[in-house]
Amino acid sequence: MGTTKIYAMTKYDAIIIGSGQAGNPLAKKLANAGWKVAVIERKWVGGTCINTGCTPTKTMIASGRIAYLVKRSKDFGINIDGYSINMEEVVRRKNAVVLASRESSMLDLLQPANIKLEFGQAVFTGEKEITVTKDDRSQSTLTAAHIFINAGTSPVIPAIPGLDAVNYLTSDTIMDLMEVPRHLVIIGGSYIALEFGQLYRRLGSEVTVIEGNAHFLSKEDEDIAAELKKILEDDGLKIFTSAKVTQMSSGPGGIKVDYIMSPGSYAPEASAHAVTGSHLLVATGRSANTAALNPGVAGVRLDEHGFISVNDRLETNIPGIYALGDVKGGPQFTHISYNDHLIVYKNLIEKGNESIAGRLPIYCLYTDPELGRVGLTEKEASAKGINVKVATMPAEWIARASENGETRGLLKAIIDADNKKIIGAAILCTGGGELMSILQMAMMGGITYDRIRDTVFAHPTFAESLNNLFSSL
């Protein structure tokens, strides 16, 4: 007969599953408040942002922008006799930045004496009980009155015939390519897809984007989406919407993708098409890392998509168990994850009454030019029955943009006409995220559009474009 190993259970004040952009700062703050904290990490400290998300992608996008500027150098009177892309150096630089960020995050967790960092797969074995299985198969069992799940998400792999038989890439793996793809085919028109698409186009790849939705960037207003689509197509990306992928296969020419175009988009009737690329990127969304956690054992409720359901204070249906960051569904952004930790910390330690209700939607799409978004779109505001005014202005009207030779884009702000307050903005231009942040602060402070219109901004800055944007009203 086999023997059952009995593991001693270690009690903590808090267990944090996942060392992401909510888990890490929460662990440090709880430790500083005197709590005994366990942090369980499956792979790398820092979560998606540092390891496979924000940090590596923006580092590589910076390399792509340099290639773009070198290619445009003659526009500025600078003649360069050819250039080449050293992909190994691009990846090496990315890896160095990621490693520095990861090690810094790990050192922060290792410093407090009352934080225990464990590596392994966490699984619920009771309502407030976690068992951790390490790479060497050894196990430890932990319990705490408070458990915070910051386990993140992973790329969705759609059920497409033939996909499992081809060598596809995801956002987690594409950045380790040591060569520039000859032809990168991207399944999905997500924000991640577009950032990678423009990046590899700038590095020299032919790029084809196949999107099933009839509307490009369907969450954005049509004028903003159309402007960005034009910019990307001017850069050489081929973008197809209303395109349903039906089959994939490998052959001597590469990876063949068969798809059907819906009627009305590019032809009056549905039509079959195919494209063959050297590399395939699957960018069709992300799913919650909940299955391996076995949250059902603890009674934790999931939504229909497998994300953890929480209330406005980020607590699950089980008192004392919270979900933070991407794993809870909703907007999947680092800044949201970081703000989540502040909410639970202030409520638990400072006895606050913080909530995610009313939190402004805010994000950036890091194409070039970038799109900064805050608050409501025009279509969302109209659907709510708000009496809106809309201010728009092409980026070419910005003096500094003309001086810098960066005139592509469109600025848009949504105003509540009844009180003159800004309720949303989409800023598609160089530095669009920074301009959006100015409007975010105005929205938080209740500053009306006419005060921004008439205020004094230093010249020539991109910020002074807000004078002209609101003068259009």
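**Notes on a predicted model: surface patch, helix packing, salt bridges and backbone features**

1. Phe76, Ile78, Ile80 and Tyr83 together make a nonpolar patch of about 380 Å² on the surface. The structure is a predicted model, and every value in this note is to be read in that light. Of the patch residues, Tyr83 can be placed in the loop that runs between α3 (54-71) and α4 (87-110). With a relative accessible area of 42%, Tyr83 is partly exposed, because that class covers what lies between the buried limit of under 20% and the exposed limit of over 50%.

2. Helix α3, which comes before the loop that holds Tyr83, packs with helix α5 (residues 191-203) at an angle of about 40°, and the two axes are 8 Å apart. The two helices are therefore oblique to each other, and the crossing in which α3 passes α5 is left-handed.

3. The count of salt bridges in the model comes to 23. One of them joins Asp368 to Arg65, where the closest N and O atoms are 2.6 Å apart. Asp368 belongs to the loop between β18 (362-365) and β19 (370-375), whereas Arg65 is part of helix α3, so this pair ties together parts of the chain that are 303 residues apart in sequence. The two partners can also be described by their accessibility: Asp368 counts as buried, at 10% relative accessibility, while Arg65 counts as partly exposed, at 25%.

4. Asp368 and Arg65 are also members of a network of salt bridges, in which they are linked with Arg72, Asp75, Arg202 and Glu406. A reader who inspects the pair from the previous point may therefore wish to display the whole set, because Arg65, Arg72, Asp75, Arg202, Asp368 and Glu406 are all linked in that network.

5. A second salt bridge is formed by the side chains of Glu118 and Lys134, at 3.2 Å from N to O. Glu118 lies in strand β3 (residues 115-119) and Lys134 in the loop between β5 (129-133) and β6 (139-149), so the parts that this pair ties together are 16 residues apart in sequence. Glu118 counts as buried, with 8% relative accessibility, whereas Lys134, with a relative accessible area of 25%, is partly exposed.

6. A further salt bridge is the one between Lys412 and Asp221, whose closest N and O atoms are 3.0 Å apart. Since Lys412 sits in strand β21 (residues 410-416) and Asp221 in the loop between β10 (206-210) and α6 (222-234), the pair ties together parts that are 191 residues apart in sequence. Lys412 is buried, with a relative accessible area of 2%, and Asp221 is buried as well, with a relative accessible area of 9%.

7. Two cis peptide bonds deserve a look in the backbone. One joins Asp368 and Pro369, with omega at about 5°, and Pro369 has its place in the loop between β18 and β19; Asp368 is the residue already described as the salt-bridge partner of Arg65. The other joins His459 and Pro460, with omega at about -5°, and Pro460 is found in the loop between α11 (449-454) and α12 (465-471).

8. Positive phi values occur in two residues other than glycine that are listed here. Ser242 has phi near 55° and is found in the loop between β11 (238-240) and β12 (243-251), where it is buried, with a relative accessible area of 8%. Lys420 has phi near 70° and lies in the loop between β21 and β22 (421-429); at 39% relative accessibility, Lys420 counts as partly exposed.

9. The last residue to point out is Asn167, in the loop between β7 (153-155) and β8 (168-169). Asn167 counts as exposed, with 66% relative accessibility. From Asn167 to Gly82 the separation is 85 residues in sequence, and in space the two are 33 Å apart, C-alpha to C-alpha.

Methods. Residues numbered from 1 in each chain as written. Predicted model: local features only at pLDDT ≥ 70, side-chain atom pairs only at ≥ 80, totals over all residues. Heavy atoms only, no water. Patch = residues over 30% accessible without salt bridge, like charges linked within 9 Å, V, L, I, M, F, W, Y side chains within 5 Å. Areas by Shrake-Rupley, 256 points an atom, 1.4 Å probe, with all protein chains shown as cover. Salt bridge = Lys/Arg side-chain N within 4 Å of Asp/Glu carboxyl O. Helix = DSSP H or I, 4+ residues; strand = E, 2+ residues; numbered from the N terminus. Buried < 20%, exposed > 50% of the residue type's maximum accessible area, 1.4 Å probe, protein only. Axes fitted to C-alpha atoms, helices over the stretch in contact; angles between N-to-C directions. Parallel < 35°, antiparallel > 145°, perpendicular 65-115°, else oblique. Left-handed = near helix turned anticlockwise from the far one by under 90°.
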